[in-house]
Amino acid sequence: MKLSILDRSRTRAGVPDAAALTGTIDRAVHAEQLGFHRFWVAEHHGVPGIASGSPPVLLAAIGARTDRIRLGSGGVMLPNHQPLVVAEQFLMLEALYPRRIDLGVGRSLGFTRPVRDALRRDRTAPDTFADDLDELRRYLEGAAPVTARPRVEAAPPMFVLATRRGLDFAARAGLPVVVGGPILGATEGRIQELDRYRDEFVPSPGNREPYVVISLEVMIADSTDAARELLLPEAWALASSGRTGEFPALESVSVLRDRPWTQRMREQIDASIESSIHGTADEVREQLDSLFARTGADELLASTSTFDREALFGADRSLSLLYRE
């Protein structure tokens with residue numbers, strides 16, 4: 001089973017944003033040492049809790065510090081960019097770090113209305129994702145009227161960050177998918193949307209078979225309670241964003257425990273933690289085996305965050321050992 005990491009450059013209360021970026025680079029170096037397959041970074045705009053707004057720039061810095069691990073975006077939000085510009089950015093990364101670059105693309109708009117306005121995005125505008133995806137692919141493959149530079153020996157592979165509708169786009173385009181969120185916990189049995197993606201998958205150059213990456217938080221600690229504690233800062237931030245409209249920086253568990261908790265906040269935090277996979281190494285292995293069987297996934301992209309960086313690195317180390325022979 002391939003194991004990979006998605007790092008969102010989470011900021012921490014009282015710490016400069018720059019520390020989130022250098023922390024991401026350090027984590028990538030650590031992930032390579034541990035033998036992870038990929039290390040991806042995110043794109044978020046105007047979000048206090050996330051320092052990464054430009055995946056290509058951050059990936060260039062990570063590439064300079066690593067040698068083997070695959071690097072990519074989880075993902076570039078295609079509605080925010082011209083396909084030609086995205087192609088040029090990732091072809092440049094591929095030229096600098098050959099055979100190591102992935103391009104994950106999504107279709108989400110900005111987190112808040114002011115951000116969407118700043119990005120010149122209108123929620124009522126026509127959805128052009130399928131056409132943009134095709135245009136981007138033609139630039140990468142050198143099949144467009146305009147030749148994107150630099151030319152490379154092989155274009156970086158594309159992945160679609162897929163919701164239910166995104167799975168249909170990916171199947172028709174013959175592209176691998178990254179799936180997370182409610183769809184993974186919506187049922188105890190097989191996930192029909194993933195089965196439909198496989199059934200309707202149209203083979204394409206470089207992708208003869210469907211490929212599914214599942215993405216969610218995975219936290220390993222010495223006990224289930226300890227793992228839940230480590231997940232609390234991210235769960236609190238998520239619950240807070242629903243109340244305030246602003247996704248905040250991570251805070252320590254001790255600070256959060258001293259905060260007043262409403263019943264609604266407690267329920268949201270508990271639900272967020274329960275949507276993750278967490279516990280001891282044996283417990284997590286059992287949960288992952290069940291999820292892999294239910295989804296038929298080919299790869300795990302762990303999106304784990306916590307306030308304590310040392311604990312985060314320890315969780316990465318434990319995860320890297322789960323499927324090692």
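Q: Which class, nonpolar, polar or charged, has six residues in the lining of the largest cavity?
A: The model is predicted. In the lining of its largest cavity, three residues are nonpolar and five are polar. The class with six residues is charged.

Q: How many cavities of 30 Å³ or more are there, and how much space lies in the largest cavity?
A: The count of cavities at 30 Å³ or more comes to one. The space in the largest cavity is about 80 Å³.

Q: Which residues lining the largest cavity are the closest to its centre?
A: The lining of the largest cavity holds 14 residues. Its class make-up is three nonpolar, five polar and six charged. Closest to the centre are Asp 7, Ser 9, Arg 10, Arg 12 and Leu 312.

Q: Which element gives the largest share of the lining of the largest cavity?
A: Elements giving two or more residues to this lining are β1 (2-7), α1 (17-34) and α12 (309-321). The largest share is four residues. The element that supplies them is α1.

Q: Is Ser 9 buried or exposed?
A: Ser 9 sits in the loop between β1 and α1. Beyond four places in sequence, Ser 9 touches Ala 20, Leu 21, Thr 24, Gly 49, Ile 50, Ala 51, Ser 52 and Leu 58. Its relative accessible area is 1%. Buried means under 20%, so Ser 9 is buried.

Q: Which residues lining the second largest pocket are the closest to its centre?
A: About 290 Å³ of space lies in the second largest pocket. Its lining has 19 residues. Closest to the centre are Pro 156, Pro 157, Met 158, Gly 206 and Asn 207.

Q: Which class has 10 residues in the lining of the second largest pocket?
A: α5 (129-140) and β5 (158-162) each supply at least two residues of this lining. By class, three lining residues are polar and six are charged. The class with 10 is nonpolar.

Q: How many residues does the largest nonpolar core have?
A: In soluble globular proteins, nonpolar side chains tend to be buried together. Here, Phe 39, Leu 103, Leu 136, Leu 288, Leu 300 and Leu 319 have the most contacts inside the largest nonpolar core. The size of that core is 64 residues.

Q: How many residues are in the other core, which lies apart from the largest one?
A: Among the residues of this other core are Met 219, Ala 221, Leu 256 and Ile 269. This core lies apart from the largest nonpolar core. Its residue count is 15.

Notes: Residues numbered from 1 in each chain as written. Predicted model: local features only at pLDDT ≥ 70, side-chain atom pairs only at ≥ 80, totals over all residues. Heavy atoms only, no water. 1 Å grid on protein atoms, 1.4 Å probe; cavity = no way out; pocket = protein on both sides within 12 Å on 5 of 7 lines; lining within 4 Å. Points joined across faces, edges and corners; volume = space filled by probe spheres on them. Nonpolar A, V, L, I, M, F, W, Y, C, P; charged D, E, K, R; others polar. Buried < 20%, exposed > 50% of the residue type's maximum accessible area, 1.4 Å probe, protein only. Contact = heavy atoms within 4.5 Å. Core = buried A, V, L, I, M, F, W, Y, C linked by side-chain atoms within 4.5 Å.
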